[in-house]
Amino acid sequence: MKTTIGLLALLAALTPSAHADPFDDFNSRVRTEYIKPFALDLGGVLGGASAHTGRTLGMPGFWVGAVGAVQLRPDRDNRILRDSGVKAFGLPLIEAGVGLPLKIDVIVHGIGANGASIYGGGVRYGLYRTDLVDSFMPNVSISAFGDKVNHKHFSASHGALNAAATWNLPIVKPFFVAGYDVTEVKVGAATTAGVSGAKATARGSRFSAGVDLHPLPFISLRGAYTLRHGIPGFDIGLGAQF
């Protein structure tokens, strides 16, 4: 019950109301030269929500919860969001993952938020997973994710590569993540002539430092400070892990 309440609180904090959709003015403000900076910011928050700590779940491990990423301001060239008065913005996702043999995790996630439907998933592989005798060593993993976004004004596809390291200490587990995002945005209907159907691809980096807390059995709460293409923000997650 406590976990359910926490998940709902997390989603409420990350998801603006229907009247506060940060992408609502996209069709009236988009220009061909604005698509790429918009894709850069969108990919950064999608990638942050997809990033995980470095320790794989292990078979028959299981994770289910809510994750999200927030960027504290749009990129300086993202005139679509800046001219709409958007400051901090982010995306939440509901996520589930399962541990398979050979140190492989399979993860799926998705949600309807900010006027958009998002769905995707990925695979994580543990390059090194510690046991009791080597718990001082970092757990290291790599992962690849793909996502699709459908909004009334645009569509997007996103791919992410992540490398993560986690120290599996009791209760508080520090971690570091480096990520790379590739995002294509295609304009739907737009009020500016000649922009409908235009698309652009952006590539950006992410670097995160955070902690994964386990205050109670089977409960995982993680938070990280993240730089997305040089812009600060944070990533959070709350869920049940077995």
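This report covers confidence, the barrel, its strand pairs and hairpins, and then the enclosed and open spaces.

**Confidence**

The model is predicted, with a mean pLDDT of 89 for the protein. Of its residues, 91% reach 70 or more. Residues 1–8 have a pLDDT below 50. That stretch makes 8 contacts in the model beyond near neighbours in sequence. Residues 15–19 also stay under 50 in pLDDT. For residues 15–19 the model has 5 contacts beyond four places in sequence. Where pLDDT is low, predicted coordinates should not be read in detail.

**The barrel and its helix**

The fold contains a closed barrel of 10 strands. Its order is 1-2-3-4-5-6-7-8-9-10, and the pairing is antiparallel. On average, neighbouring strands of this sheet are turned by 20° against each other, direction ignored. Strands of a sheet pair through backbone hydrogen bonds.

Which helix lies across the strands, from strand 1 to strand 10? Helix 3, residues 35–50, does so. Strand 1 covers 62–71, strand 2 covers 89–100 and strand 3 covers 104–113. Strand 4 spans 116–128, strand 5 spans 138–151 and strand 6 spans 154–167. Strand 7 runs over 172–187, and strand 8 over 199–213. Helix 3 runs at about 30° to strand 8.

**Strand pairs and hairpins**

Strand 7 and strand 8 pair in the antiparallel sense over 15 bridges. Within this pair, V185 stands opposite A200 in strand 8.

Strand 8 and strand 9 are also antiparallel, with 8 bridges. S208 stands opposite T226 in strand 9, and L213 has L221 in strand 9 as its bridge partner. These two strands form a hairpin with 5 residues between them. In the turn, F218 has a positive phi of about 70°.

Strand 9 (residues 219–228) pairs with strand 10 (residues 231–241) over 10 bridges, again antiparallel. I219 faces A240 in strand 10, and Y225 stands opposite F234 in strand 10. The hairpin of strand 9 and strand 10 has 2 residues between the strands. Here H229 takes a positive phi near 40°.

**Cavities and pocket**

How many cavities of 30 Å³ or more does the structure hold? There are 2. The table sets them beside the largest pocket.

| Space | Volume | Nonpolar lining | Polar lining | Charged lining |
|---|---|---|---|---|
| Largest cavity | about 110 Å³ | 7 residues | 5 residues | 2 residues |
| Second largest cavity | about 40 Å³ | 3 residues | 5 residues | 2 residues |
| Largest pocket | about 220 Å³ | 3 residues | 8 residues | 6 residues |

The largest cavity is lined by 14 residues. G48, A51, F175, R222 and D235 lie nearest its centre. Helix 3, strand 1, strand 7, strand 9 and strand 10 each give two or more residues to this lining. Strand 9 gives the most, with 3 residues.

Ten-strand barrel and helix meet again at the next space. The second largest cavity is lined by A39, L40, G43, G44, D181, T183, A202, R203, G204 and H229. Helix 3, strand 7 and strand 8 each supply at least two of these residues. Which element gives the most to the lining of the second largest cavity? Helix 3 does, with 4 residues. H229 belongs to this lining, and H229 is also the residue with positive phi in the hairpin of strand 9 and strand 10.

The largest pocket is lined by 17 residues. T53, R55, L57, D212 and Q241 lie nearest its centre. By class, 8 of the lining residues are polar, 6 are charged and 3 are nonpolar.

**Reading the parts together**

Helix 3 lies across the strands of the barrel and lends residues to the linings of the largest cavity and the second largest cavity. Strand 7 likewise gives residues to the largest cavity and to the second largest cavity. Strand 8 pairs with strand 7 over 15 bridges and with strand 9 over 8 bridges.

Technical notes:
Residues are numbered from 1 along each chain as its sequence is written. This is a predicted model: local features need pLDDT of at least 70, side-chain atom pairs count only at pLDDT 80 or more; totals for chains, interfaces and linings use all residues. Side-chain values use heavy atoms; hydrogens and water are left out. pLDDT is the predictor's confidence in each residue, from 0 to 100. Contact means heavy atoms within 4.5 Å. Two strands pair if DSSP finds at least two bridges between them. Axes are lines fitted to C-alpha atoms, for helices over the stretch in contact, and angles run from 0 to 180 degrees between N-to-C directions. On a 1 Å grid over the protein atoms alone, a cavity is a set of points where a 1.4 Å probe fits but cannot get out, and a pocket is an open set with protein on both sides within 12 Å along at least five of seven lines; lining residues have an atom within 4 Å of a point. Grid points are joined across faces, edges and corners, and a volume is the space filled by probe spheres set on the points. Ala, Val, Leu, Ile, Met, Phe, Trp, Tyr, Cys and Pro count as nonpolar, Asp, Glu, Lys and Arg as charged, and the others, Gly among them, as polar.
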